[in-house]
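Open the model in your viewer and keep the sequence panel beside it. We will go from stop to stop, selecting a few residues each time and looking at what surrounds them.

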Amino acid sequence: MTGNLPFFSLEGVDGSGKSTQLALLIEHFQKSGRTTISVREPGGTPVSNAIRALLLDPANDIRPTAELLLYSAARAQLVESVIAPALQAGKIVLADRFGWSTLAYQGFGRGLDQDVIRSLLKIACNDVWPTHSFLLDISVSAMRARLEAGGRPADRMERESQDFFTRVREGYLSIAAQNSQRFTVLDGAQAPEHLHRLIVKKLADFGI
Ligand SMILES: Nc1ncnc2c1ncn2[C@@H]1O[C@H](COP(=O)(O)OP(=O)(O)OP(=O)(O)O)[C@@H](O)[C@H]1O
Ligand SMILES: [Mg+2]
């Protein structure tokens, strides 16, 4: 499946505001009457949610390659059973993270080979890829402050070091620069309502 699919994703480090923006977008589309589905990665199917639980449980010591394969398996299941059928039915799909996250976290963060990751993305996604993605960029210190203010215990990924998240953030910015037609980079420190308006304005370019 290729072409200008109504498939959009939100990207950014933990706490950058992806879920906040997704909730605002869902509300926006509900008002306009377009059929929209939202998915969260890893997750979105029973099998993918079981893999999510494995990936985020701080009790699990998961090696980087195993982590890459688990994220890929969760994504393959999500694409085949939810995203591709929704797109085929003409629905708008909004994703809270998608494959770019793997390039940022497992590529730049863990240091795994980018070409290997791209091959796995091809296998898992079978050409189902977001037409456009929004990168919510925040500093690692802002990220930490938001996660601490949230008060929930940190998951396995959120427990990673300052250096790890610096690499992930810089990785995202580099990915967005190299794929500039596919990305809108937003300063995630701006007010949620303002960010929402910018996202809605950009989606209008795609007839959404
Ligand atoms: N633009 C913003 N300015 C200030 N705070 C924000 C903004 N957007 C979201 N927040 C707050 O930051 C915290 C993290 O936001 P949110 O859960 O949307 O991030 P996320 O990217 O989905 O995080 P995760 O990757 O952990 O799921 C929440 O407490 C949220 O209220
Ligand atoms: Mg979230």
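Select D127 to begin: at 40% relative accessibility, D127 counts as partly exposed, where buried means under 20% relative accessible area, exposed over 50% and partly exposed in between, computed with a 1.4 Å probe on protein chains only. D127 sits in the loop between α5 and β4; helices (H or I, at least four residues) and strands (E, at least two) are DSSP runs, numbered from the N terminus. Although D127 is not a glycine, its phi is positive, about 70°.

Before moving on, note that this is a predicted model, in which local features need pLDDT of at least 70 and side-chain atom pairs count only at pLDDT 80 or more, while totals for chains, interfaces and linings use all residues. Residues are numbered from 1 along each chain as its sequence is written, chains are lettered from A and ligands numbered from 1 in the order in which they are written, and side-chain values use heavy atoms, with hydrogens and water left out.

**Next door: N126**

Now add N126, which is found in the loop between α5 and β4. Is N126 buried or exposed? It counts as exposed, at 56% relative accessibility. Its phi is near 50°, a positive value in a residue other than glycine.

**Into helix α5**

Step back to L121, in helix α5 (residues 114-125). L121 counts as buried because its relative accessibility is 8%. Show its surroundings, and you will find R75, G99, L103, N126 and W129 touching L121, not counting residues up to four places away in sequence; contact means heavy atoms within 4.5 Å. For a distance to draw, try L121 to T102: these residues are 19 apart along the chain, and their C-alpha atoms are separated by 8.6 Å.

L120 is also placed in helix α5, and at 17% relative accessibility L120 counts as buried. Leaving aside neighbours within four places in sequence, L120 is in contact with L68, L69 and S72. A second line to draw runs from L120 to L24, 96 residues away in sequence and 31 Å away in space, C-alpha to C-alpha.

**Q106 in helix α4**

Select Q106, which lies in helix α4 (residues 99-109). With a relative accessible area of 1%, Q106 is buried. Which residues does Q106 touch, not counting those up to four places away in sequence? They are E67, L68, Y71, S101, G111, L112, I117 and M157.

**Along helix α1**

Turn to helix α1 (residues 18-32), whose 15 residues should span 21 Å at 1.5 Å a residue; the end C-alpha atoms are 21 Å apart, which agrees. The expected span is 1.5 Å times one less than the number of residues. Colour K18, Q21, L22, L24, L25 and F29, which are buried. Looking down the axis of α1, you will see the buried residues fall within an arc of 165°, so they line one face of the helix; the arc is that of the directions from the helix axis to the C-beta atoms. An α-helix has 3.6 residues a turn, so residues three or four places apart point the same way.

What packs against this buried side of α1? Show β1 (7-11), β2 (36-40), β3 (92-96), β4 (132-137) and α8 (192-204). On the face turned away, look for the exposed residues Q30 and K31. After α1 comes G33, with a positive phi near 80°.

**Ligand 1**

Centre the view on ligand 1, which is surrounded by 17 residues, the closest being G15, K18, S19, T20 and Q190; a residue is near if one of its heavy atoms lies within 4 Å. An N or O atom in the side chain of K18 is 2.7 Å from an oxygen atom of ligand 1; a polar contact is a pair of N or O atoms within 3.5 Å. Next, find the polar side-chain atom of R146 that lies 3.2 Å from a nitrogen atom of ligand 1. A polar backbone atom of Q190 is 2.7 Å from a nitrogen atom of ligand 1. Taken alone, ligand 1 exposes 630 Å², and the protein buries 67% of that, with accessible areas from the Shrake-Rupley method with a 1.4 Å probe.

**Helix α6 and a cis peptide**

In helix α6 (residues 140-150), select the buried residues V140, M143 and L147. They cover an arc of only 55° around the axis, which puts them on the same side of α6. Their cover includes α7 (162-178), while the face turned away carries the exposed residues S141, E148 and A149.

Finish at P42, in the loop between β2 and α2 (46-56). The peptide bond from E41 to P42 is cis, with omega near -15°.

Conventions: A polar contact is a pair of N or O atoms within 3.5 Å; within protein, one must be able to donate a hydrogen and the other to accept it, and residues adjacent in sequence count only if both atoms are side-chain atoms.
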